[in-house]
Amino acid sequence: MIIKKKLAKKMIYDLHGKVFGATFIKKDGSIRNINCRTGVAKYLKGGEKRYDYDNLLCVYDMQNKGYRTINIDTLKQLRTGGNTYHVE
């Protein structure tokens with residue numbers, strides 16, 4: 001199924017912290033597959049978020065145990081609930 005970026009972002013927020021998979025293009029041009037979730041605050045060290053952009057989404061990488069930032073503009077695929085969505 002093909003979805004728009006705006007809908008993909010809404011779907012991620014509507015998961016309310018459940019695990020999902022994503023494929024996106026990193027800043028250096030390589031492709032990353034990630035299993036992650038939003039809303040994890042356990043490992044934060046305090047302070048303020050260093051950025052405030054609508055197209056960036058902070059997630060917690062479940063495999064590498066660290067925070068990652070997904071650029072919604074480079075998101076290619078979203079996997080959740082047994083479904084795969086191609087983002088355009």
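**Exercise 1. Across the sheet**

Which residue does Arg37 stand opposite in strand 4? Then work out how the strands are arranged.

*Solution.* A quick heads-up: you're looking at a predicted model.

Step 1. Go to strand 4, which covers residues 56-61. There you'll find Tyr60, standing opposite Arg37.

Step 2. Now look at how the two strands run. Strand 3 and strand 4 are antiparallel, and 2 bridges join them.

Step 3. Zoom out to the whole sheet. It's an open sheet of 7 strands with mixed pairing, and the order to trace is 1-7-6-2-3-4-5. Strand 1 and strand 5 (66-71) are the edge strands, as each of them pairs on one side only.

Step 4. Keep going to the other side of strand 3's neighbour. Strand 2 (residues 20-25) and strand 6 (residues 75-80) run antiparallel, with 4 bridges between them. Here Phe24 has Leu75 of strand 6 opposite.

**Exercise 2. A hairpin**

Find the hairpin of strand 6 and strand 7, and say which residue there takes a positive phi.

*Solution.*

Step 1. Check the pairing. Strand 7 covers residues 83-87 and pairs with strand 6 in the antiparallel sense, over 4 bridges. One place to see the two strands face each other is Arg79, which has Thr84 of strand 7 opposite.

Step 2. Look between the strands. The hairpin has 2 residues there, and Gly81 is the one with a positive phi near 60 degrees.

Step 3. Have a look at Thr80 too, at home in strand 6. Its relative accessible area is 14%, so Thr80 is buried. Skipping neighbours within four places in sequence, Thr80 is in contact with Met11, Leu15, Phe20 and Tyr85.

Step 4. Add the helix. Helix 1 lies across strand 1, strand 2, strand 4, strand 6 and strand 7, and runs at about 35 degrees to strand 6.

**Exercise 3. Hunting salt bridges**

How many salt bridges are there in the whole structure? Find each pair and sort the residues by exposure.

*Solution.* A search turns up 3. Take them one at a time.

Step 1. Lys4 and Glu88 meet through their side chains at 3.5 Å, N to O. This pair links distant parts of the chain: Lys4 is in the loop between strand 1 (2-3) and helix 1 (5-14), while Glu88 is in the segment after strand 7, 84 residues apart. Lys4 has 52% relative accessibility, so Lys4 counts as exposed.

Step 2. Asp14 and Lys10 make a salt bridge at 2.7 Å, N to O. Both sit in helix 1, 4 residues apart, which is about one turn of the helix. Asp14 comes out as partly exposed, because its relative accessible area is 43%.

Step 3. Arg68 and Asp61 form a salt bridge at 3.8 Å, N to O. Arg68 is partly exposed at 24% relative accessibility. Asp61, at 3%, counts as buried.

**Exercise 4. Rings and the core**

Identify the aromatic pair, then explore the largest nonpolar core.

*Solution.*

Step 1. There is 1 aromatic pair in the structure. Tyr60 and Tyr67 form this pair, with 5.2 Å centre to centre and 70 degrees between the planes, making the pair edge-to-face.

Step 2. Compare how the two rings' residues are covered. Tyr60 has a relative accessible area of 6%, so Tyr60 is buried. Tyr67 has 26%, so Tyr67 is partly exposed.

Step 3. Move on to the core. The largest nonpolar core has 18 residues, and those with the most contacts inside it include Phe20, Ile34, Ile70 and Leu78. Helix 1, strand 2, strand 3, strand 4, strand 6 and strand 7 each give two or more residues to this core.

Step 4. Pick out Ile70. Beyond neighbours within four places in sequence, Ile70 is in contact with residues including Ala22, Phe24, Ile34, Cys36, Val59 and Leu75.

**Exercise 5. Ile31 on its own**

Is Ile31 buried or exposed?

*Solution.*

Step 1. Locate Ile31: strand 3 (residues 31-37).

Step 2. Check the cover. The cut-off for exposed is over 50%. Ile31 has a relative accessible area of 61%, so Ile31 is exposed.

Step 3. List the contacts. Leaving out neighbours within four places in sequence, these are Thr23, Phe24 and Ile25.

Step 4. Try a distance. From Ile31 to Leu78 the C-alpha atoms are separated by 14 Å, with the two residues 47 apart along the chain.

Key. Residues are numbered from 1 along each chain as its sequence is written. This is a predicted model: local features need pLDDT of at least 70, side-chain atom pairs count only at pLDDT 80 or more; totals for chains, interfaces and linings use all residues. Side-chain values use heavy atoms; hydrogens and water are left out. Buried means under 20% relative accessible area, exposed over 50%, partly exposed in between (1.4 Å probe, protein chains only). Contact means heavy atoms within 4.5 Å. Two strands pair if DSSP finds at least two bridges between them. A salt bridge is a side-chain nitrogen of Lys or Arg within 4 Å of a carboxyl oxygen of Asp or Glu. Axes are lines fitted to C-alpha atoms, for helices over the stretch in contact, and angles run from 0 to 180 degrees between N-to-C directions. Rings of Phe, Tyr and Trp (its six-membered ring) pair if their centres lie within 6.5 Å; planes under 30 degrees apart count as stacked, over 60 as edge-to-face and the rest as tilted. A nonpolar core is a set of buried Ala, Val, Leu, Ile, Met, Phe, Trp, Tyr and Cys residues joined through side-chain atoms within 4.5 Å.
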